[in-house]
Amino acid sequence: PRPRVPAPRCRPVALRSLSMVSPAPDLHDVEIPEHVPAVVLASSVVFPYDVVSVQVSKPQGLRLLEQNPGDSVIVACLFPKDPDTDQLERLTDVLPVGVACRVIHRMKMPNDTIQVVFQGLRRIEAKEVLGADPWMRVRVETVEPREPRGPEIDGLVYRCMEMVDAPRVRVFHRLAQAAAPTACQSTPLCS
């Protein structure tokens with residue numbers, strides 16, 4: 001038999017040795033500059049507080065990412081009215097509401113595209129195109145989130161809840177009938 005070797009003892013790591021890692025700022029506290037570069041996303045959607053990996057292949061987006069190195073670059077992610085067009089130079093070419101995003105990671109791919117990870121910060125509205133060469137730059141304003149209220153909205157919410165609940169109740173009754181058909185016939189819910 002082999003002699004038993006004691007397991008190596010691990011030293012506990014002091015928390016202060018991890019002080020090189022800075023805490024991420026609260027996403028709500030990140031300041032959105034008034035003038036930001038814009039990348040137009042044709043096939044992906046980014047929402048505030050969402051983290052999305054996107055492949056950028058359009059020339060303007062590639063130039064923007066190549067000439068603005070580093071992480072934590074803030075860009076406006078806008079969406080085209082016509083996803084098939086490559087020339088996006090006017091405000092009328094894009095939908096007015098987009099999302100301000102932080103670039104958290106990027107990787108150059110072998111097929112001449114760049115894989116980018118965006119972190120959505122806040123909803124923005126593009127007010128003016130400041131330039132389109134070598135990439136689109138826009139003046140933006142943040143859009144404050146608003147929650148619709150009122151009796152009409154309350155009615156719609158109630159109706160949605162009924163629609164979700166109805167199939168569940170039907171399934172419960174079918175299961176009850178299958179388990180004990182004679183017992184279920186005597187209850188008004190199963191009839």
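**View 1. Ile 124 and its partner across strands 5 and 6.** In this predicted model, the bridge partner of Ile 124 in strand 6 is Thr 142. Strand 6 covers residues 136–142, runs antiparallel to strand 5 and is joined to strand 5 by six bridges (two strands pair if DSSP finds at least two bridges between them; strands are DSSP runs of E with at least two residues, helices are runs of H or I with at least four, and both are numbered from the N terminus). Further along, Gly 131 stands opposite Arg 137 in strand 6. Four residues lie between strand 5 and strand 6, and the two form a hairpin. Residue numbers start from 1 along each chain as its sequence is written, and side-chain values use heavy atoms, with hydrogens and water left out. Local features need pLDDT of at least 70 and side-chain atom pairs count only at pLDDT 80 or more, whereas totals for chains, interfaces and linings use all residues.

**View 2. Strand 6 and its pairing with strand 1.** Turn now to strand 1, which pairs with strand 6 in the antiparallel sense over four bridges. One pair to look for is Val 36 with its bridge partner in strand 6, Val 138.

**View 3. Val 116, with partners in two directions.** Which residues pair with Val 116? Val 54 stands opposite Val 116 in strand 5, and Val 116 is also the bridge partner of Arg 106. Behind the first of these lies the antiparallel pairing of strand 2 (residues 51–56) with strand 5 (residues 114–131), over six bridges. Strand 4 (residues 97–108) also runs antiparallel to strand 5, and 11 bridges join the two.

**View 4. The turn between strands 4 and 5.** Strand 4 and strand 5 form a hairpin with five residues between them. Asp 112 lies in the loop between these strands, and its phi is near 60 degrees, a positive value in a residue other than glycine. Is Asp 112 buried or exposed? With a relative accessible area of 59%, Asp 112 counts as exposed (buried is under 20%, exposed is over 50% and partly exposed is in between, with a 1.4 Å probe and protein chains only).

**View 5. Val 103, buried in strand 4.** Val 103 is found in strand 4, and at a relative accessible area of 1% it is buried. What surrounds Val 103? Not counting residues up to four places away in sequence, Val 103 touches residues including Leu 65, Val 73, Val 75, Val 117 and Phe 118 (contact means heavy atoms within 4.5 Å). Val 116, met in View 3, is another residue that Val 103 touches. Gln 119 is 16 residues away along the chain, and its C-alpha atom is separated from that of Val 103 by 6.5 Å.

**View 6. Two residues in the loop between strands 1 and 2.** Both Val 46 and Tyr 49 sit in the loop that links strand 1 to strand 2. Val 46 counts as buried because its relative accessibility is 2%. Leaving aside neighbours within four places in sequence, Val 46 is in contact with Leu 41, Val 52, Phe 79, Val 99, Cys 101 and Gly 120. Gln 119 appears here too: Val 46 and Gln 119 are 73 residues apart in sequence and 8.0 Å apart in space, C-alpha to C-alpha. Tyr 49, by contrast, is partly exposed, with a relative accessible area of 48%. Like Asp 112 in View 4, Tyr 49 has a positive phi, here near 70 degrees.

**View 7. Helix 1 and its cover.** Helix 1 runs over residues 59–67, and its buried residues are Gln 60, Gly 61, Leu 62, Leu 64 and Leu 65. What covers these buried residues includes strand 1, strand 2, strand 3 (74–78), strand 4, strand 5 and strand 6. Leu 65 has already come up in View 5 as a residue that Val 103 touches.

**View 8. The largest pocket.** The largest pocket has a volume of about 180 Å³ (on a 1 Å grid over the protein atoms alone, a pocket is an open set of points where a 1.4 Å probe fits, with protein on both sides within 12 Å along at least five of seven lines, and lining residues have an atom within 4 Å of a point; points are joined across faces, edges and corners, and the volume is the space filled by probe spheres set on them). Of the 10 residues lining this pocket, Arg 122, Arg 123, Val 143, Glu 144 and Pro 145 are the closest to its centre.
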